[in-house]
Amino acid sequence: MKIPFNNDWTYNDSFENLPEGEPVRIPHTVAQTPYDYFDESIYQKISGYQKEFEYPADADGKRVFIVFNGVAHQATVYVNGIEVTSHACGYTAFEADITDVLKKDTSNIVKVRVDSNETLNIPPFGFVIDYMTYGGIYREVFLDIRPDNYISDVFARAAADGILDIDVSFAKTATPYGISLKERSSGKEVFAATGINDPHFSDKIPDIRQWDIDDPFLYELTVSTADDSYTAVIGFRDSEFKADGYYLNGKKIKIRGLNRHQSYAYAGYAMPASMQRYDADILKNELGVNAVRTSHYPQSQHFIDRCDELGLLVFTEIPGWQHIGDDAWKAQAVKNVEEMILQYRNHPSIILWGVRINESVDDDELYKKTNELAHRLDPSRPTGGVRYLKKSSFLEDVYTYNDFSHDGTTPGCDPKKKVATDPDAPYLISEYNGHMFPTKPFDSEEHRLEHALRHANVLDAVAGYDDIAGSFGWCFFDYNTHQDFGSGDRICYHGVTDMFRNPKQASFVYSACGDLKEPFLEVSSSFDIGEHPAGNRGKTYIYTNCDSVKMYKNGLFIKEYTHDDTKYKNLKNAPILIDDFIGDQMKENEGFTDRQNKIVKEAMNYIGIYGMNDIPAKIKIRLVEAMTVYHMKFEDAYQLFGKYIGNWGGTMLKFVFEGYKDGKPVKTITKTSFKKLHIEVRCSSYVLTEKDTYDVAAVRISVRDEYGNVQPFFCDSLPLTVNGAGEIIGPPRARISGGYGGTYIRSSGQGKITLRISCPEGYEQVFEDNTVQVEFDSRV
């Protein structure tokens with residue numbers, strides 16, 4: 001019996017000063033951080049948590065455990081003054097058997113000493129780390145009351161052909177048990193067996209539905225004895241890495257994923273189930289990826305649960321970042337492998353174990369141990385080891401490599417034969433881009449476009465190699481980091497979204513090429529020529545999953561673009577370059593012939609995009625033809641350019657893009673100069689539900705024009721006020737950078753919550769509405 005144990009804790013920044021402190025709820029961070037400009041000293045401390053509780057009902061004759069799902073980074077647990085356990089990994093769960101120290105007739109007190117110093121001799125510490133590590137009891141806690149001979153573990157392997165293998169472990173001695181298998185969605189029982197004496201069980205389940213990225217069908221497996229039961233959610237699938245790629249249920253799939261940290265603005269690691277699940281939803285349903293790597297450590301079970309439900313493939317790995325420590329440090333790394341696999345191995349979404357410290361040098365002695373342990377604990381899954389080294393010592397099953405070879409001009413990735421030690425081994429790119437081209441939401445339009453194209457270039461290159469299983473871009477969102485990294489403000493702007501998960505332009509590449517059900521259409525430019533050197537239009541791209549996109553300028557049809565117009569050869573729904581801003585206007589307005597219109601338009605479009613420098617021979621020939629055959633002068637071309645490309649002094653330009661699917665318009669984008677701005681809000685949920693602990697809603701905020709276009713150079717703060725049964729996580733203002741920002745609303749009981757977001761002082765005449773009100777319902 002599991003009992004939530006997250007409320008009514010007392011916290012103190014110093015363990016020695018307990019029982020004094022402030023009341024807190026779990027998940028909790030030892031330091032709520034600013035958005036930027038802070039360092040790791042803010043959360044490095046030896047803090048303390050304390051909770052008073054009564055002897056649990058129905059605990060007589062049973063074992064009582066406290067289970068901690070995540071404490072960063074070294075925890076020592078005391079009950080009634082007696083140390084009951086300690087744990088030295090901030091990213092895996094642990095439990096304490098408190099049966100023998102409980103008091104029945106008086107209150108019991110649990111204290112937790114939490115050391116979040118980065119000087120600890122455990123992974124990932126020991127040298128520099130490119131992410132903040134935070135601190136606190138940041139994942140949920142519960143009491144678990146178990147019979148004396150409880151079921152300690154169930155390990156299930158469910159194959160695509162319906163073969164189900166189960167290993168059952170007991171706290172003391174094996175005992176007869178039964179099995180029930182139910183469809184999770186309907187609750188229908190599809191298989192049952194009783195009186196099983198062998199700890200290993202195997203049978204073929206008829207008529208099962210396979211777990212797949214498009215149909216992630218799940219089952220609930222319950223193993224029961226007379227005294228206990230253990231339930232695991234499983235999926236029937238075959239997952240295999242081969243020399244020529246990755247196969248799920250015998251079907252070859254190109255892995256297209258992103259790397260995810262588990263951090264959040266202000267809250268660090270401390271967020272409840274709803275926020276963990278929401279990240280998976282964004283990855284699958286907004287960005288359209290089919291995989292995620294939990295860089296660089298095991299992450300919340302809630303996040304992985306949601307990956308199971310969505311059909312999102314997972315590559316998870318042990319904690320670490322480049323550094324390998326002494327023998328004690330290595331022993332803890334091996335222990336981390338054990339804990340990771342034992343705690344996560346029933347998840348059908350997990351397809352690969354990372355058993356090598358991220359980007360570390362070769363250490364055969366250590367990595368023989370981690371690989372052997374992984375294979376012994378889970379022979380059904382392969383191992384990988386993320387490295388930056390080509391042709392390095394290869395002890396894993398999959399050669400996983402961080403390929404940062406692309407610089408915008410070089411090929412998108414190196415071929416497998418240039419990297420992998422064994423050409424016949426499976427090969428997977430575990431990181432690309434990232435630090436090669438950091439991009440802020442408020443960078444110039446050309447910079448943001450280059451960021452997007454670099455992601456497209458790598459994805460296109462990977463798609464072109466049959467022997468590369470896939471790739472994970474670096475990374476999902478921006479994150480706080482140490483002084484050795486980032487942009488001086490302690491933020492790594494490596495994400496395809498910002499810290500609040502708002503999209504940057506690079507995210508459009510993933511949304512367009514992913515398998516989104518909804519129509520997707522974005523255009524890379526605001527068409528403000530002052531944003532480009534020399535007033536040129538510059539390159540403009542369409543990102544879409546539509547069949548075609550019709551482009552209009554000031555109401556006149558210019559061109560219909562299809563995916564046949566892209567320069568990319570391998571990537572589905574790749575970016576499409578807009579190469580025509582004129583259409584047939586000069587035929588209609590200037591009386592040009594078809595030929596004259598063609599050559600003049602081609603030359604003017606080229607110059608509008610690329611400028612007058614280094615004009616290629618083909619365009620020079622067009623210009624010569626215009627002058628010799630059609631007797632056009634430079635002044636004529638200048639006037640035409642201003643009229644049809646630059647639009648200087650003319651009617652305000654208005655570009656409209658219509659996306660079509662199956663011949664029907666499904667999405668429209670309008671680009672023109674703004675007259676009014678407004679605040680737009682997108683919330684993860686408008687209902688907050690307090691179950692095991694508090695709940696949180698993510699509030700993503702954008703500043704847009706009347707046509708819905710985000711204003712990428714709007715950088716200010718929007719005042720926030722909240723009333724009712726909730727509170728703001730972070731400051732009472734929403735930080736807007738590049739037109740996007742956000743905040744989080746945390747429940748504090750039952751009732752209505754009202755959030756008001758106001759425009760900045762002095763902008764009252766610019767904003768359509770000066771205040772936006774958002775209503776939430778908090779339920780218990």
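How many bridges join strand E42 (residues 696-705) to E46, and do the two strands run parallel or antiparallel? In this predicted model, E42 and E46 are joined by 7 bridges and run antiparallel, and within this pairing Ser 702 is positioned opposite Tyr 740 of E46.

Strand E46, which spans residues 740-747, also takes part in further pairings. Strand E44 (residues 726-729) is linked to E46 through 4 bridges, again in an antiparallel arrangement, with Ile 745 of E46 serving as the bridge partner of Ile 728. Strand E45 (residues 733-737) pairs with E46 over 2 bridges, likewise in the antiparallel sense, and here Gly 741 of E46 is the bridge partner of Ile 736. E45 and E46 form a hairpin with 2 residues between the strands, in which Gly 738 adopts a positive phi near 70°. As to its surroundings, E46 is mostly covered, since 7 of its 8 residues are buried, where buried denotes a relative accessible area under 20%.

A separate description applies to an open sheet of 4 strands, whose order is E1-E12-E5-E9 and whose pairing is antiparallel. Strands E1 (2-4) and E9 (94-97) stand at the edges of this sheet and have a single partner strand each, so that one side of each is left without a neighbour in the sheet. On average, and with direction ignored, neighbouring strands of the sheet are turned by 25° against each other. The pairing of edge strand E9 with strand E5 (residues 63-68) is antiparallel and extends over 4 bridges, and Val 67 stands opposite Glu 95 in E9.

Definitions and conventions:
Residues numbered from 1 in each chain as written. Predicted model: local features only at pLDDT ≥ 70, side-chain atom pairs only at ≥ 80, totals over all residues. Heavy atoms only, no water. Buried < 20%, exposed > 50% of the residue type's maximum accessible area, 1.4 Å probe, protein only. Pairing = 2+ DSSP bridges. Axes fitted to C-alpha atoms, helices over the stretch in contact; angles between N-to-C directions.
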